[in-house]
Amino acid sequence: MKLSDLIQECRSMVTPLSAPETDPDILSVCSRAQDITPGGLFFAIPGFSADGHDFIHQAVENGCAAAVVQKEIPGAGPQLTVPNARRAMACMSAAFYGHPSRDMVMIGVTGTNGKTTVTYLLESILKHAGHNPGVIGTVNIRFNGKVFDNPVTTPDAIDLQQALTRMKDAGVTHVIMEVSSHGVDLHRVDGCTFDVGVFTNLSQDHLDYHPDMASYFACKKRFFTEHLAKSGHTAVINTDDPRGVDIASALELNTIDTSTYRKTRVCAHQISDDISGLEGLLLIEGRSFPLCSALTGRFNLENILSAAAAAHAVGVPADQIIQGIELCTIIPGRLEKIDNSLDRYVFVDYAHTPDALESILATLKTRAPGKVITVFGCGGDRDRKKRPLMGEAAQKYSDIILVTSDNPRTENPDRIITDILGGVSCTPYGNRTYTNVPQNDSTCRFIVEPDRKTALETAVLISSPRDIIIAAGKGHETYQITNTGTIHFDDKEVLEQALENFKNAPAPKPIAFSTRDLKLALEMDPILDSLTGQVSFDTIHTDSRTIETGALFLALKGPNFDGSSFILPLLEQGIQGFIAPEGFVAALNPEEQERLTAQELILFETGDTLLALQRLARFQRNRAGVKVVGITGSNGKTTTRKLARDIFANQGLVLATQGNLNNEIGVPLTLLGLSWQHEFAIIEMGMNHPGEMRRLSRTAQPDIAVITNISPTHLEGLGTIENVARAKAEIFEHMPPGAIAIINRDDDFCSLLTQLAGNTPAIRAVLTFGTSEDADIIASEIKNVSTGLGFNLSAAPASAQATSPTQMVLNTPARFMITNALAAASLAIAAGLSMESIKKGLAAFLPVKGRMDIQRLSADITLIDDTYNASPASMIQALNTLRALSGQSDCIIALGDMLELGQNASDLHEQVGAVAADTRPSRLYLFGNHAPDVRNGAVSAGLAPEAIFVGSKKDIANDLIQRVNTHHPKVWILVKGSRGMAMEEVIQALKHHIKEITA
């Protein structure tokens, strides 16, 4: 093409040649001097970091035929002087490539947020309608199955015209282009003819480029007034955004307005929206069509309406629009979900403006089954004003935010983070001081981690099942721009690997003990210390069978065992740390002493190794800085512990008692498992003799302690039920300053326990829970629901967290479980956790194995497994639950003895027999030394003697199996007994039989 032909097409902005006699053939167009080839036309563009005029001589050396300049450069060959080289480049490039946009349907999408999503939706719709679309956008340039990198949202004019030409030559029928404000202001799209323009929204962004929001909006508006203002062209305007209303009112061309809540030409109706997607009706020109989309959130509904309206504008039938929307399930980097097997909802999103971040977080928060954990940063060398606004938006809708780097570019990441924190007023994650705060205060916490990879990994590490993790800001990007250059970085890749690592990783490592730590904790020096270098011990072990290299062995000593006998064999296995009973070394023979001193080791001797274990645990508890929750009571401890664990897990990483590690050995071993990552320790504390709870309290020093109830248990060691109450109340004695005690208001010993709690000066408040109106934490309106029980939970002003009733659901039909739920909720309220966290935790409850675990064994047989333990109170609760659940159905009861009831054992078993008789079972099976007492109580209450079967567990199982074989009506079976009676053996035999006959 001759240069004069290009000038003719752009004569309104190009002056004649400075040397009219020359009219070279133009073989290419280029704005990079180093890329010029002979016969090329060079555009000298004044850039932001360099000026193309400074490189014009290089362009001449490379063979440029002529140059387009804003100021003439002497001795640089033929030049065309223009007022604006960018405008000239756009016009002349379009002319050079033959105006490819005129031969395809052009749809331009502009706005701050949503552009990419709209282009993907439109691409899906147009493909389904039989067209051949091409896309030019932030993620890439793509058409005909080919994908090309695109470093900017809207390419410069030459690259854009080249891309359009390739699309045209490949048979593309429709081009969908993201049009950025830079693309308009820098004249990149000046050479294009658009058929449809889409406005999505406007919020703060690019104020490093535009002087203010008014200028930013004016630039967006120019796309419609300058590039679309021709007869027959259409503007699609989202009028949910006030700026959209401004644009629509200023245009004289055909306009299709959209709205998610008002009646417009394209709108939505009866929309339901959850974490799985959107569903409802799409209205196009008054006609309604069923809409279903995997995308979620009101912002995505706005995007769907914009895409549907644009497709309607170019003539796509409504049914194909609907189907195309349904087929578009993933938008790369736009709330893109990362599948995982860890029961986490993990997303990456490009949101990098305050409005976009707030929009996606508001959407996720209302749908969050767990915590919302947000990882985000802000770009360097960009608008600083939006940084605190991003922090404010993240804090508003997140439970935990990790402030990190985005693309820091040449700016110090610490400075960027400091700017973000200007909008953050919540508590740092890791500050373990929780106070009772009003519900409307922010419960969000933050972590500062400049390294984005570490921040993403940390988000996974601190997450719990059903949490949402959102990595915002980079979305589809596979790079990070730093002050040392551009590196490969992909949020999605990092999160996928972190999830995989987390799945395969062990639990957080306990805080290790250095030799200095051991000396401080034990308050003594070792009698042997030949260790060299910096040695620390990963864990403290009391079991020689499970100890591993790197652990310290503590030799417990009892009436019938002495763990010190394992020290020398363990030394040969590579164990280097030991705590032994006093006199251990002196008692060794000379050969053994020589073996001992020949090894590198550290060895302490103490008069009481159990006390040493407790001191180590107390040291670990205090340096970990966790909030310790202590749970005791005659029954319900384990269930309350599990409920509390599920609730507190919504707030932070929880260490909880496992199994039956609730005694003077188990509690210290649990606390020794604390890591730096833990936020809470939920400790179950059991006892069966006076003084034991006092020692547990000294070890755990609970910040919050609850006594679930008092009933006649452990009477062999305690004598009377009042002594049980006094022994349980020892949990209060070593609580730290500011502690909170919690007591069951419905319990007969509430007044005594309140009085005993008041004897501890460190306790600042005593809270009560129950169904009584004068309790501080109250359950009311208890009712059966489809999944179990529903009730209203409310907190009175005395709890320092007064709330109106909040509906809770508990996944069990056993009404006495409400007491455990109240105990756990009270612990959470005392710790300052929100009602939302309590609601989520209670909803996650699943019965503890052997604790009112209701199982359907067949169509006609329902089992209640309550074999974990038994006391008079829990026996009566279980029998009452059986009566309530079985209704008119037949019921069978199998009971084992209740242990540790002392001299009242016979009377208490008779009382249980009487309650059992009230359920009118067709069969009452009894096992244990007190079976005759239960039988007497049942017969006295009117149960026929022939309905009672006393025998071994094997005999009971055989008779029970025979009965279910011939039993046709529906039947409920309750099996219960103290832990030592192992009544689960009856259940195992029954299940094995049913499995065999149904196989």
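Let's start with helix H28, residues 872-886, in this predicted model. H28 lies across S43, S44, S45 and S48. Compare its direction with that of S48 and you get an angle of about 170°. Now look for another helix, H31, which covers residues 953-966. H31 packs on the sheet too, touching S44, S45, S46, S47 and S48. Its direction makes about 165° with that of S46.

So what do these helices rest on? Here we have an open sheet of 6 strands, in the order S43-S44-S48-S45-S46-S47, with mixed pairing. Which strands stand at the edges? They are S43 (853-856) and S47 (948-950). Each of these has a single partner strand, so one side of each is left without a neighbour in the sheet. As you step from one strand to the next, the twist averages 15°.

Let's zoom in on one pair from that order. Strand S44 takes in residues 861-866, strand S48 takes in residues 971-976, and the two pair in the parallel sense over 6 bridges. If you'd like a spot to click on, try leucine 863, whose bridge partner in S48 is isoleucine 973.

Next, move to strand S34, made of residues 627-632. Is S34 mostly covered or mostly open? It is mostly covered, with 6 of its 6 residues buried. To picture this, it helps to know that in a regular strand the side chains alternate between the two faces of the sheet. On one side of S34 you'll find Lys627, Val629 and Ile631, and on the other Val628, Gly630 and Thr632. Both faces are covered, and the residues just named are all buried.

S34 also has strands paired with it. One of them is S36 (residues 680-684), which runs parallel to S34 and is joined to it by 5 bridges. Here valine 628 has alanine 681 of S36 as its bridge partner. Another is S37 (residues 704-707), also parallel to S34, with 4 bridges joining the two. This time, look at threonine 632, whose bridge partner in S37 is isoleucine 707.

Our last stop is a single residue, aspartate 399. Where is it? Aspartate 399 sits in the loop between helix H12 (386-397) and strand S19 (400-403). Its relative accessible area is 13%. Buried means under 20%, so aspartate 399 counts as buried. What does its side chain come up against? A polar atom of the aspartate 399 side chain lies 2.7 Å from the backbone nitrogen of valine 372.

Methods
Residues numbered from 1 in each chain as written. Predicted model: local features only at pLDDT ≥ 70, side-chain atom pairs only at ≥ 80, totals over all residues. Heavy atoms only, no water. Buried < 20%, exposed > 50% of the residue type's maximum accessible area, 1.4 Å probe, protein only. Pairing = 2+ DSSP bridges. Polar contact = N/O pair within 3.5 Å; in protein donor to acceptor, adjacent residues only side chain to side chain. Axes fitted to C-alpha atoms, helices over the stretch in contact; angles between N-to-C directions. Contact = heavy atoms within 4.5 Å.
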